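Me: I am new to this structure and would like to understand why its parts are described as they are. Could we go through the descriptions one by one?

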Amino acid sequence: MTDTRTARTRTARTVRTAVAAALAAGLAVGALAAPALAAADPAAARPGHEATRQALRAAVDAGVPGAVAQAGKDGADWTGTAGERGGADRYRVGSITKTFTATVLLQLQAEGRIDLDDPVDRWLPGLVRGHGHDGRKITVRQLLNHTSGVYSYTGDPGFQKKVFGAGFLEHRYDTWQPRELVRIAMDHAPEFAPGTGWSYSNTNYVLAGLVIEKVTGRPYGKAVENRVLKPLKLRATLLPGTDPAMPRPSSRAYSPLVADPGAPLHDVTELNPSIAHAAGEMISDSRDLRTFYRALLQGRLLPKSALKEMTTTVPVSPDLPGLGYGLGLMKQELSCGKEVWGHGGGIHGSSSEAFATRDGRHTLAANLNGDWTGSGQAIVEAEFCGTLPKEK
């Protein structure tokens with residue numbers, strides 16, 4: 001999840017953070033400190049995964065305690081680590097959760113149980129109301145591609161005081177109900193009228209999770225588990241709900257909890273993930289994430305027509321014509337011209353990237369266990385382009 005200081009600032013750096021670095025304004029402070037990227041340096045090209053290995057080392061040299069990446073191409077897998085990390089480590093994936101949530105809703109539409117063009121109010125009557133918000137005028141599709149205009153609860157100053165900075169240390173184990181998160185958003189005006197703009201909002205996906213629960217009559221996490229995790233045998237992936245603990249194997253997660261990279265670091269490994277719900281609560285590992293995106297893009301989870309809807313993107317910014325957002329899935333054109341699909345995710349002390357080529361034959365999942373420095377985008381560029389991006 002990511003929000004404040006991000007989505008509304010239309011530069012390559014902040015838009016990238018808003019979409020991919022994931023949990024909330026301040027939750028992913030490391031993404032805000034990551035260097036902006038220029039075109040890749042052809043002289044830095046390396047065969048195989050050498051550029052990716054160098055990008056992992058660069059993240060650790062920049063101050064991240066540990067980095068891990070796993071890539072696969074045409075059946076050959078590779079795992080690289082740097083610093084305090086294991087290749088099989090599990091980690092919090094933040095907004096990568098959104099792709100799982102969107103997949104379930106597309107499955108339900110394919111079964112005729114919902115239409116993504118239904119107004120949100122049909123499934124959640126009266127919930128999206130207040131200060132100009134109106135669920136009767138917002139569709140489920142607009143939630144999934146962030147064109148709803150719904151304010152992101154992670155931008156609320158009161159919420160930020162409790163989950164960022166020193167407030168996190170006092171409130172890290174608090175439980176937040178999803179409807180409570182929506183009500184926080186309803187205390188603010190929408191970003192724009194539905195369908196007239198684009199703005200990354202974690203409230204959109206909390207609402208999407210609640211829609212899943214209304215349609216299925218079960219917790220949204222059960223729907224993800226039964227429809228995605230079990231069929232793909234994603235045994236390292238879980239939706240922890242309110243459980244603050246990290247399963248093993250895993251590394252500790254660290255954050256200064258503020259945007260100042262010189263602030264003291266805190267161990268933020270344990271936290272109640274109900275702050276993110278269907279927008280970013282998941283835990284996974286690199287192998288499971290690669291398996292998921294490969295299966296998704298190769299049509300194993302959705303019929304062809306549904307996958308076409310998912311990969312129909314809307315522009316994020318006129319300044320970034322190579323970046324588009326579909327239904328819980330981001331398209332990105334890299335500096336070398338290659339196109340990749342996936343999502344990024346950030347939460348306290350954890351910054352993740354999971355991307356694949358459109359045919360699913362080349363996949364990557366990576367994580368940094370610090371959120372104040374390092375560049376996950378550099379790892380993506382290194383793996384798919386074989387080059388190390390220049391810093392601006």
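Reply: A helix here is a DSSP run of H or I with at least four residues, and helices are numbered from the N terminus. In this predicted model, Val-120 has its place in helix α5, which covers residues 120-123.

Me: Why is Val-120 called buried or exposed, and which residues does Val-120 touch?

Reply: Buried means under 20% relative accessible area, and Val-120 has 1% relative accessibility, so Val-120 counts as buried. Leaving aside neighbours within four places in sequence, Val-120 is in contact with Val-128, Gly-135, Ile-138, Thr-139, Val-140 and Leu-143. One of these, Ile-138, is 18 residues from Val-120 in sequence, and the two C-alpha atoms are 5.9 Å apart in space.

Me: What does the protein chain contain as a whole, and what share of its residues counts as buried?

Reply: The protein chain has 14 helices and 16 strands, and of its 392 residues 62% count as buried. Among contacts between residues at least 6 apart in sequence, 71% join residues at least 24 apart.

Me: What makes α4 largely enclosed by the rest of the structure?

Reply: The description rests on a count of buried residues: 13 of the 14 residues of α4 are buried, so α4 is largely enclosed by the rest of the structure. From its first C-alpha to its last, α4 reaches 20 Å, which is close to the 20 Å expected at 1.5 Å a residue. Just after α4 comes Gly-112, with a positive phi of about 80°.

Me: How do α4 and α11 cross, and which residues meet there?

Reply: The axes of α4 (residues 97-110) and α11 (residues 220-232) come within 10 Å and cross at roughly 80°. Angles from 65 to 115 degrees count as roughly perpendicular, and therefore α4 is roughly perpendicular to α11. On the side of α4, the residues that meet α11 are Thr-97, Phe-100, Thr-101, Thr-103, Val-104, Gln-107 and Leu-108, while α11 contributes Tyr-220, Ala-223, Val-224, Arg-227, Val-228 and Leu-229. By class, this contact of α4 with α11 has 8 nonpolar, 4 polar and 1 charged residues.

Me: How do you know that Cys-336 and Cys-385 form a disulfide?

Reply: A disulfide is a pair of cysteine sulfur atoms within 2.5 Å, and the sulfur atoms of Cys-336 and Cys-385 are 2.0 Å apart, so the pair meets the rule. The count by this rule comes to 1 disulfide. The angle about the S-S bond is -70°, and the link of Cys-336 and Cys-385 is left-handed. This pair links distant parts of the chain, with Cys-336 in the loop between β12 (330-333) and β13 (339-347) and Cys-385 in helix α14 (residues 376-385), 49 residues apart.

Me: Why do Cys-336 and Cys-385 get the accessibility labels they have?

Reply: Because Cys-385 has a relative accessible area of 16%, Cys-385 is buried, whereas Cys-336, at 40% relative accessibility, counts as partly exposed.

Me: What is notable about the backbone of Lys-233 and Leu-257?

Reply: Most residues other than glycine have a negative phi. Lys-233, although not a glycine, has a positive phi of about 55°, and Leu-257, likewise a residue other than glycine, has a positive phi near 70°. Lys-233 is placed in the loop between α11 and β7, and Leu-257 lies in the loop between β7 and β8 (266-267). Exposed means over 50% relative accessible area, so Lys-233, at 53% relative accessibility, counts as exposed, while Leu-257 is buried, with a relative accessible area of 4%.

Me: Where is Pro-249, and what is the peptide bond from Arg-248 to Pro-249 like?

Reply: Pro-249 has its place in the loop between α11 and β7. The peptide bond from Arg-248 to Pro-249 has omega near -5° and is cis. For background, most peptide bonds are trans.

Me: Why is Pro-247 called partly exposed, and what does Pro-247 touch?

Reply: Pro-247 is found in the loop between α11 and β7 (254-255), and its relative accessibility is 21%, so Pro-247 counts as partly exposed. Not counting residues up to four places away in sequence, Pro-247 touches Arg-90, Leu-238 and Ile-283. The C-alpha atoms of Pro-247 and Arg-90 are separated by 7.3 Å, although these residues are 157 residues apart along the chain.

How values were computed:
Residues numbered from 1 in each chain as written. Predicted model: local features only at pLDDT ≥ 70, side-chain atom pairs only at ≥ 80, totals over all residues. Heavy atoms only, no water. Axes fitted to C-alpha atoms, helices over the stretch in contact; angles between N-to-C directions. Helix = DSSP H or I, 4+ residues; strand = E, 2+ residues; numbered from the N terminus. Parallel < 35°, antiparallel > 145°, perpendicular 65-115°, else oblique. Contact = heavy atoms within 4.5 Å. Nonpolar A, V, L, I, M, F, W, Y, C, P; charged D, E, K, R; others polar. Buried < 20%, exposed > 50% of the residue type's maximum accessible area, 1.4 Å probe, protein only. Expected span 1.5 Å × (residues − 1).
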